[in-house]
Amino acid sequence: MPALRRTDALADCDVVVIGAGAAGLAAARDLVAAGLRVQVLEARDRVGGRAFTDSCGGALFDAGAAYVHYADRNPWVEIAAELGVSLLEHRGWGAGVHFRDGERLPEVFRRERQRGAGRLWELIYETEDDRGRSPDCSLLDLVRDEPDGVLQAALRYGRQAIGEDPERVGVADLRQLWEGPDRTVPSGYGALVSATAVGLPIRLGTPVSRIAWSAGGVRVESGAGVLSARAAIVTAPVGVLAAAAIAFEPALPASTLDAIHGLRMGALTKVVLAFDGERFGWPSPSDLYPLGSGFNLELWPFDRDIVIGTIGGTPARDLVRDGEAGAVAAMLDVFAGIVGSDARKRLRAGRLADWTAQPYSQGSYSYAPPGAAGLRDALARPVGERLFFAGEATSGGGDTVGGGMTVGGATLAGRAAARQAVAALRA
Ligand SMILES: Cc1cc2nc3c(=O)[nH]c(=O)nc-3n(C[C@H](O)[C@H](O)[C@H](O)COP(=O)(O)OP(=O)(O)OC[C@H]3O[C@@H](n4cnc5c(N)ncnc54)[C@H](O)[C@@H]3O)c2cc1C
């Protein structure tokens with residue numbers, strides 16, 4: 001954790017920023033650079049939000065964001081370079097090995113899966129639909145008449161990339177999200193995001209419970225008392241806002257409330273197993289796909305002695321019901337089913353990163369159900385020129401909405417909100 005500037009007494013300021021994740025940190029940095037007095041209030045005892053580098057059995061892993069997506073335009077490529085943090089090209093998706101009931105499936109199976117994924121992509125971007133489907137049908141409706149391989153691709157994409165079951169995810173939002181090459185951060189994406197907090201006026205362990213807003217400014221109630229400011233930038237995830245964890249007075253306009261309740265949070269979840277150095281004959285890194293388990297397994301990332309399992313949607317929500325011990329045991333069963341029961345003896349530690357259970361995230365990241373693709377932009381619209389919502393869910397709105405769901409999008413959103421706040425306060 002980087003050294004943060006300590007702010008003991010809360011002094012009234014120009015802009016209060018709620019949340020010290022990627023969006024809040026970007027907003028605070030730009031506001032400070034613009035010469036404004038800023039106070040960041042963060043509920044957790046750490047910065048970074050859903051970008052969090054944790055450890056399991058002494059090995060680092062990213063419990064939340066791990067990939068710098070669409071690297072050709074992601075602001076984190078430049079930020080990493082400025083901070084001297086190395087990024088690696090990602091090896092690409094889909095080269096992994098499939099298993100069913102512990103049996104390795106032949107290479108031809110992988111190629112069929114690739115074909116299914118290719119067809120799914122065509123369907124998502126198809127603009128002419130001769131089967132009368134709505135251009136914003138669900139991911140499941142999109143593949144209803146397709147062969148099983150395409151249905152499986154939709155299940156995989158929905159759960160593993162969006163964190164949600166395909167019947168809940170709308171395709172119009174998927175169409176507007178940016179695509180591009182991925183990069184990885186060996187020293188941790190969470191650690192990289194946290195490094196940008198250095199020098200900013202952040203108060204940790206300070207959950208905000210109420211914001212009273214008017215044309216004159218805002219009064220923000222938190223565990224540290226009441227803070228008055230001329231404006232507020234709110235970066236709490238939409239799941240937190242939908243749960244009404246922060247009360248707004250007067251109530252937010254209908255368009256903002258519709259956006260908060262119309263966007264939903266997925267359930268992408270990670271389970272990590274740490275081993276004693278035994279690699280069970282698999283090189284670093286290897287991707288294994290045990291069909292029917294709900295998990296994708298990444299073995300020995302960055303040559304570390306860990307296996308990271310990702311699981312999303314309904315299987316993830318079912319898995320986390322039994323807590324960390326249950327989730328670790330379930331993933332160990334899957335892994336031992338592939339590499340043999342020796343895995344049980346060689347296990348040193350296990351971790352569950354369940355973002356659905358955390359009060360300050362209430363899910364993994366936002367997705368738009370059918371009909372909700374425009375809500376990212378709607379949430380990005382300033383409220384009374386005094387309240388600005390930012391975060392991965394808005395990705396800054398307008399022509400940057402394609403960064404939705406990601407750290408890059410959260411950063412663009414924080415920057416956009418800072419620009420709007422500066423303009424509003426100077427008007
Ligand atoms: C498992 C998982 C895997 C992911 N993988 C990737 C990936 O590979 N690549 C990628 O780009 N993105 C990924 N993401 C998404 C990415 O982590 C988020 O898009 C991004 O970190 C969101 O940043 P943010 O600033 O919008 O929100 P957050 O990081 O959630 O920041 C919001 C902050 O507000 C704080 N807060 C909440 N409520 C209050 C309150 N009442 N008062 C004060 N503070 C409050 C929170 O504690 C938090 O620090 C992943 C997420 C998860 C969960």
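**Exercise 1. Where does Ser395 lie?** Place Ser395 in the chain, then describe its backbone and its accessibility.

*Solution.* A note before we start: this is a predicted model.
- Step 1: Ser395 sits in the loop that joins β22 (387-389) to α14.
- Step 2: Look at the backbone. Ser395 is not a glycine, yet its phi is positive, about 50 degrees. Most residues other than glycine have a negative phi.
- Step 3: Check the accessibility. Buried means under 20% relative accessible area. Ser395 has 0%, so Ser395 counts as buried.
- Step 4: Now repeat this for Met405, which is also in the loop between β22 and α14. Met405, again not a glycine, has a positive phi of about 85 degrees. Its relative accessibility is 13%, so Met405 counts as buried.

**Exercise 2. Find two cis peptide bonds and place their prolines.**

*Solution.*
- Step 1: Recall that most peptide bonds are trans.
- Step 2: Go to Glu249 and Pro250: the bond between them is cis, with omega near 0 degrees. Pro250 belongs to the loop between β14 (247-249) and α9 (254-262).
- Step 3: Go on to Ser284 and Pro285, where the bond is cis with omega near -10 degrees. The loop between β16 (269-275) and β17 (286-291) holds Pro285.

**Exercise 3. Test the length of helix α1, and see which of its residues are buried.**

*Solution.*
- Step 1: Helix α1 (residues 22-33) has twelve residues, so at 1.5 Å a residue the expected span is 16 Å.
- Step 2: Compare this with the model: the end C-alpha atoms of α1 are 17 Å apart, which agrees.
- Step 3: The buried residues in α1 are Ala22, Ala23, Gly24, Leu25, Ala26, Ala27, Ala28 and Leu31.
- Step 4: Just after the helix, look for Gly35, which follows α1 and has a positive phi near 85 degrees.

**Exercise 4. Which residues touch the most other members of the largest nonpolar core?** Trace the elements that build this core as well.

*Solution.*
- Step 1: The core has 39 residues, and those touching the most other members are Leu31, Trp76, Tyr189, Val193, Ile202 and Ile233.
- Step 2: At least two core residues come from each of β1 (13-18), α1, β2 (38-41), α2, α7 (189-195), β13 (225-234) and α14.
- Step 3: With nine residues, α14 gives the most to this core.

**Exercise 5. Describe how α2 packs on α14, then treat α3 and α5 likewise.**

*Solution.*
- Step 1: The axes of α2 (residues 75-83) and α14 (residues 407-426) come within 8 Å and cross at roughly 85 degrees. The two helices are therefore roughly perpendicular.
- Step 2: From α2, Pro75, Trp76 and Ile79 meet Val407, Gly408, Thr411, Leu412 and Arg415 of α14. Sorted by class, this contact has five nonpolar, two polar and one charged residues.
- Step 3: For α3 (residues 107-125) and α5 (residues 148-162), the axes come within 8 Å and the crossing is roughly 75 degrees. So α3 is roughly perpendicular to α5.
- Step 4: Residues of α3 in this contact include Arg113, Leu120 and Trp121, while those of α5 include Val150, Arg156 and Tyr157. The contact divides into nine nonpolar, three polar and three charged residues.

**Exercise 6. Is Pro166 buried or exposed?** List its contacts too.

*Solution.*
- Step 1: Pro166 is in the loop between α5 and α6 (171-176).
- Step 2: Its relative accessible area is 0%, so Pro166 is buried.
- Step 3: Setting aside neighbours within four places in sequence, Pro166 contacts Ser138, Leu139, Leu140, Ala154 and Leu155.

Terms used: Residues numbered from 1 in each chain as written. Predicted model: local features only at pLDDT ≥ 70, side-chain atom pairs only at ≥ 80, totals over all residues. Heavy atoms only, no water. Axes fitted to C-alpha atoms, helices over the stretch in contact; angles between N-to-C directions. Helix = DSSP H or I, 4+ residues; strand = E, 2+ residues; numbered from the N terminus. Parallel < 35°, antiparallel > 145°, perpendicular 65-115°, else oblique. Contact = heavy atoms within 4.5 Å. Nonpolar A, V, L, I, M, F, W, Y, C, P; charged D, E, K, R; others polar. Expected span 1.5 Å × (residues − 1). Buried < 20%, exposed > 50% of the residue type's maximum accessible area, 1.4 Å probe, protein only. Core = buried A, V, L, I, M, F, W, Y, C linked by side-chain atoms within 4.5 Å.
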